[in-house]
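Q: Please take a close look at one part of this model, a stretch of loop and the polar side chains around it. I would like a connected account that also puts that part in the setting of the whole chain.

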Amino acid sequence: MGMLPIRYLTIHCAATPEGRAVSHEQITRWDRDKFGQTSYHWVIEIDGSTHRTLTDDQKGAHTGGHNTGNIGICYIGGMDAGKKAAKDTRTPAQKRAMRTLVRTYQQRYPGLKVFGHRDWPGVNKACPSFDVTGWIAAGMPE
Ligand SMILES: [Zn+2]
């Protein structure tokens, strides 16, 4: 408790190869092994299924120095099949699921700011491999 108010929502990719059906359990295991805790509040698998991995009042570990009041959503994918380059690999089902989550949080927390990981200052990554602001401005299309 005590994490409210929620002011930010940050979208990430798992940096897994296009088409590989990595599970949310696997993502959580990797995060616990690497960081000692679960990173994200939600994971969206490639079939569009949406899995809660932290409650909103638990602090995530997904955006360095900016995890307070910041919901983290991770979609499986974000790299091309050869893991050579960042790529927006979101399936239509993942885009629909992401849109539903973003809209739900926007309605629940007026004034919420939605960013991609790379939009935070000092982040030198391609994550989440697409332009979050542009996608939202376009109406979050599939
Ligand atoms: Zn990220």
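A: A polar contact, as the term is used here, is a pair of N or O atoms within 3.5 Å, and within protein one of the two must be able to donate a hydrogen while the other can accept it. With that in hand, please keep in mind that the model is predicted.

Let us start with Ser49, found in the loop between β3 and β4 (50-52). The side chains of Ser49 and His51 are joined by a polar contact of 2.8 Å. Another polar contact, of 2.6 Å, links the side chain of Ser49 to that of Asp47. Is Ser49 buried or exposed, or something in between? Its relative accessible area is 22%, so Ser49 counts as partly exposed; the limit for buried is under 20%. Apart from neighbours within four places in sequence, Ser49 is in contact with Val43 and Ile44. As for Asp80, its C-alpha lies 21 Å from that of Ser49, with their positions 31 residues apart in sequence.

His51, the partner of Ser49, leads on to His41, since His51 is among the residues that His41 contacts. His41 sits in the loop between α1 and β3 and is buried, at a relative accessible area of 1%. Beyond its neighbours within four places in sequence, the contacts of His41 include Arg52, Thr53, Leu54 and Thr55, and also Asn70, Ile71 and Gly72.

The loop that holds His41 also holds Ser39, between α1 (24-35) and β3 (42-44). Ser39 has a relative accessible area of 1% and is therefore buried. The side chain of Ser39 makes a polar contact of 3.1 Å with the side chain of Asp31. Leaving out residues up to four places away in sequence, Ser39 touches Asp31, Leu54, Gly60, Ala61 and His62. Of these, Leu54, Gly60 and His62 also appear among the contacts of His41.

For another polar side chain, turn to Thr16 in strand β2 (residues 16-17). Thr16 counts as buried because its relative accessibility is 3%. The side chain of Thr16 reaches the backbone nitrogen of Gly77 at 2.8 Å. Thr16 and Ile76 are 60 residues apart in sequence, yet their C-alpha atoms are 6.4 Å apart. Among the other contacts of Thr16, leaving aside neighbours within four places, are Val22, Trp30, Gly78 and Met79.

Now for the wider setting. The chain has 3 helices and 7 strands, in the order β-β-α-β-β-β-β-α-β-α along the sequence. Its radius of gyration is 14 Å, close to the 14 Å that the globule rule gives for 142 residues, so the chain is as compact as a globular protein of that length. The C-alpha atoms fill a box of roughly 40 × 35 × 30 Å along the principal axes. Of the 142 residues, 47% count as buried, Ser39, His41 and Thr16 among them. Of contacts between residues at least 6 apart in sequence, 63% join residues at least 24 apart. The chain exposes about 7100 Å², and carbon and sulfur atoms supply 51% of that area. It carries 19 positive and 13 negative side chains, with the centres of the two sets 3 Å apart.

Methods. Residues numbered from 1 in each chain as written. Predicted model: local features only at pLDDT ≥ 70, side-chain atom pairs only at ≥ 80, totals over all residues. Heavy atoms only, no water. Helix = DSSP H or I, 4+ residues; strand = E, 2+ residues; numbered from the N terminus. Rg over C-alpha atoms; globule rule 2.2 N^0.38 Å. Buried < 20%, exposed > 50% of the residue type's maximum accessible area, 1.4 Å probe, protein only. Contact = heavy atoms within 4.5 Å. Areas by Shrake-Rupley, 256 points an atom, 1.4 Å probe, with all protein chains shown as cover. Lys, Arg positive; Asp, Glu negative; His and termini not counted. Charge placed at Lys NZ, Arg CZ, Asp CG, Glu CD.
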